Each structure stands twice: as C-alpha cells, then as structure tokens.
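Could you walk me through the empty spaces in this protein? I have the structure open in a viewer and would like to know what to select at each stop.

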Amino acid sequence: MPFQGDIGGGTRVRKSAFELTPIEVDKLRQAFAALRKLSVTDPADPRGWLQQANVHCWNCGGGGASVENIHGNYWFLPWHRAYLYFFEKILGKLVGDPDLALPYWDWDTRGRNVMPPPYVIPGDGSNSLFDPYRGVVAWQAMPASATSAEEMKRLLSLRDWASFMGGPAGSRRPGALEFGTHNRVHQWITDPGGRANCGVQDMGIFSTAGQDPIFFAHHANVDRLWDVWRSLGGEQRLPADAEFRQRTWTFYDENKRWVSISTDQILNNAGSLRYEYRRPSLVGRMDHGIAASHPLTGAVTPAPSKSVAQAPGAAQLLTSEPQTVSAPVLVSAELALFGAAPPSLEPTVRRLHIDGVALPPGGSTTVRVFVNLPDADERTPPSGPNYVGAFTVIPHHGSGHADVTRQDVAFELSAETEQVVPGVGAILVRLVPLAGEDMRPLGLTLEYQNVYVATE
C-alpha cells in the first residue's frame, strides 16, 4: 500500500542518547527487548529483531544484483531515513507508546565521542541495547580526528549535494558523510585499534550492522547531520532529477503492512514523518565555524564532469606504508577551448578523485589524503591546506564472501586547499593508511586505479 503520511498524532522528538531520562532509557530498553523476543516467539513476524536487521542486509548487497545497493550513492541518506522511521514506529507499537522516539548518538558533540552509557552499562545480556561483538568499552573515546571540529566544519562546508550525499544511482561514488565519519564510526565500534584490516561483526560489516542497537542511534545522528547541512542551503541542496524524487522503497510498518514510500515523501521529516531533532544541550562541534547564514555557493545540481574522462587504469597497490602518487590536474573543456571559462560556464567544484578503491573480501581500513605534502605520515595532523580528508572502507559482507566492491572516492577541494592545487599540471597526492589515531595498519592490501583532480 502507498504511504499516506504520518497523521493523527504528535511530533516525536529525537534526543541525544546522552540526554535521555531514566524513564526514557527504560522504555527504549523495553522496546528493544520486545523486538528481540518477537524474533524468538514468532520468527516470521516482519517486525522482529532479526527480520528488521535483515532489511538493511538485503539492501546493501544481501539481495544480490537484483536489489540496488543503497550504499555508495545518493540513496544512502533517504533510504536510511525511511528505514529508521518504520523501525521507530515498530518500537513504539510494541510498547504501546506512539510517541517513542529513537535517540541519536551525537558523536560530533564535545565529550560524546564515546559509546552512550545506556548502550554499554550494564555490558551484558540483561541490557537489550548491548551487543557482545563491540570492541570498544565504556568511556573509550574514538580518535579525535574522526569527529573533530575541523572534520565537522569540512563536512558541513561542502557546497553541493554530490559531494555531501554521493553520486547518482549506479555511480559507485559515496558522499563525504558516508565514506568519512559514518564509516569510521562503524569501524571503530568493532575494531577500535583499526589494525585488523577486516570487518568485524556486527557494526564492522554492513550485512550485520543492523544487529547492533547502536546502529540506529548512529544513523539517527547521520540523519540529523543531513538536516543540518540542508538547513544551510535549503531545498537547493537536493538533486533535482526525477529519479531521485520519485524513487520508492517498501518496508513493513508497525501493523505488518507492506508500505511503499518515495524519496519525496521523506524529505520533510517534521511534516510527513512527524519527527524532529532536539538540539544537543551542549555546544556541538558542528557549530564551530559554521554559521546559519553560511552562503550556498556553486551549482545546485552539478552538471556531468566537464573534465576529460579517465578510463579505468591498471590496479595500483597501497600497503601499510604511506605512498605518494603523481596526479594530473585535468583541464576543463571550456578552459582548453577558450583559455578561460565564460562566466555562465564558470567551473563549480574541483574534486580530487581516487577511483576504483577496493579491498579483499571482508577488508576494512582508513586512509588519510594529503596533497603536495610528500612527507606526511600517520603522525601528521589532519589539518591545514594540504589535508584533503580521509575515507574508510567498510565491507558489505565478511571475509567468507567473494564480493569485492570498488568505489570511486571524491574529495571536494576547500577554498583553503585550492590555494595549493594548481589550475593545470600535476600534484603529489599522499595516501596515508591509518590504524587508530597514529599507527599504521598491519598487512594492508588496498587497490586503486586512478588519482586525478577534475573540474565538475
């Protein structure tokens, strides 16, 4: 049946998991306990714990080639928003509380880059929010660079949707929110040292991530940050193509009905989905350097790349040692023809591309990227004009599967970085594999195909 909008009730308020009252924590635990019990008493009920976790598995590779993967493109954010919405409604139904709201884990708020206490204390099966496959312990802090003020500023300053949300369907190009902090948090939860180079059940592998309750708090924060970024540019910060707006997905709702919902129906979360986010009581990292009046610059809907296309190159190997690559700065078609782009064709965004990134089945790692800083290593601070950003690879399945997923990573060059990247010629790109905060991973074998700067 088609989605009709969430009407007839109040607006559910999603709060930081660090700000839940004891009553709210108890109600949340009751809801997750009921969800887990349902998987035992009625395994076929589509609202049960494992059935709901498998919804994510099915849509991130578990459904095979016939099911479009919602990772690595602009479906990532709207699909997860819909998933969380239906999951939240199911939780409320199971405990008879339609106002129950999922909390969010605001790891971007100062001091909250640790697991929220309700999810780790007590750390055993008596707590329905606990998961035994996590590698982190209570009060262990994730690497500061993963959620630092500078990383949040870099993320929220991105100018167009392709940089933030990812490329169109089939582009195999994830957005900065997905391949950056989102992936890093997934990896850190199960492998905080980052030296294993392989995904670890549950959160460290996409096919099992939905089996950890923290998944939903983590993704609620990802969803919240999407709202924050959109608020800096409004509706102009969304793809305008009909494919994006009209795409539909189906989920079981709280009454076990098979419901079809479109991207267009989930964009106004307060209106059609009837939930909103309460701002953290502390000053969050996202506020540092980002004003509400942050100007929207660049094109709203990026045109296809104006630069010379790059055919897939031979696979290059990145091991545990930092590596320096000479990368061409591709000249746009307009510049090549006229020597300068006409005002109406002014280049909107320049991006550093690293195409064809892949690890062996089940592989996982983080790589920092610098430009024109050939001596950078794992101890080099992730700051300054030469630092472009970092990406984290999370496997869709464990090492027992034969899947090797290639992704095209793209970093929008900030105004600061533009000053150290010439308009023509070549640059030196430094790839620095990372484990934890300042160590090298062990036995890394990451492949990539092309590295270049393109005007888009």
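Start by selecting helix H6, residues 176–190: this helix gives the largest share of the lining of the second largest cavity, three residues. Keep in mind as you go that you are looking at a predicted model.

Now add the rest of that lining. Select Pro143, Arg184, Gln187, Trp188, Asp191, Pro192, Gly193, Gly194, Thr366, Leu434, Ala435 and Gly436, and you have the residues around the second largest cavity. The space they enclose has a volume of about 60 Å³. Colour the lining by class and you should find five nonpolar, five polar and two charged residues. Then colour by domain: domain 1 (12–277) and domain 2 (316–455) each contribute at least three residues to this lining.

While H6 is still highlighted, bring in its packing partner, helix H8 (residues 214–231). The axes of H6 and H8 are 11 Å apart, and the two helices pack at an angle of about 160°. An angle over 145 degrees counts as roughly antiparallel, so that is how H6 and H8 run relative to each other. Turn the view to look at the crossing, and you will see H6 pass H8 in a right-handed manner.

Next stop: the largest cavity. Centre the view on Val393, Ile394, Pro395, His396 and Thr405, which are the closest to the centre of the largest cavity among its 17 lining residues. This cavity holds about 180 Å³ of space. Its lining is made up of nine nonpolar, six polar and two charged residues. Where does the largest cavity lie with respect to domain 1 (12–277) and domain 2 (316–455)? It lies between them, because both domains give residues to its lining. In total, the model has five cavities of 30 Å³ or more.

Finally, move on to the largest pocket. Select Lys153, Arg154, Leu155, Leu158 and Ser414, which lie nearest the centre of this pocket, and then widen the selection to its 35 lining residues. The space here comes to about 730 Å³. H6 turns up again: along with helix H4 (149–156), strand S8 (365–371), strand S9 (387–393), strand S10 (407–412) and helix H12 (415–418), it supplies at least two residues of the pocket lining. By class, the lining of the largest pocket has 14 nonpolar, 11 polar and 10 charged residues. Colour by domain once more, and you will find at least three lining residues from each of domain 1 (12–277) and domain 2 (316–455).

Note on methods
Residues numbered from 1 in each chain as written. Predicted model: local features only at pLDDT ≥ 70, side-chain atom pairs only at ≥ 80, totals over all residues. Heavy atoms only, no water. 1 Å grid on protein atoms, 1.4 Å probe; cavity = no way out; pocket = protein on both sides within 12 Å on 5 of 7 lines; lining within 4 Å. Points joined across faces, edges and corners; volume = space filled by probe spheres on them. Nonpolar A, V, L, I, M, F, W, Y, C, P; charged D, E, K, R; others polar. Domains from an automatic or database assignment. Helix = DSSP H or I, 4+ residues; strand = E, 2+ residues; numbered from the N terminus. Axes fitted to C-alpha atoms, helices over the stretch in contact; angles between N-to-C directions. Parallel < 35°, antiparallel > 145°, perpendicular 65-115°, else oblique. Left-handed = near helix turned anticlockwise from the far one by under 90°.
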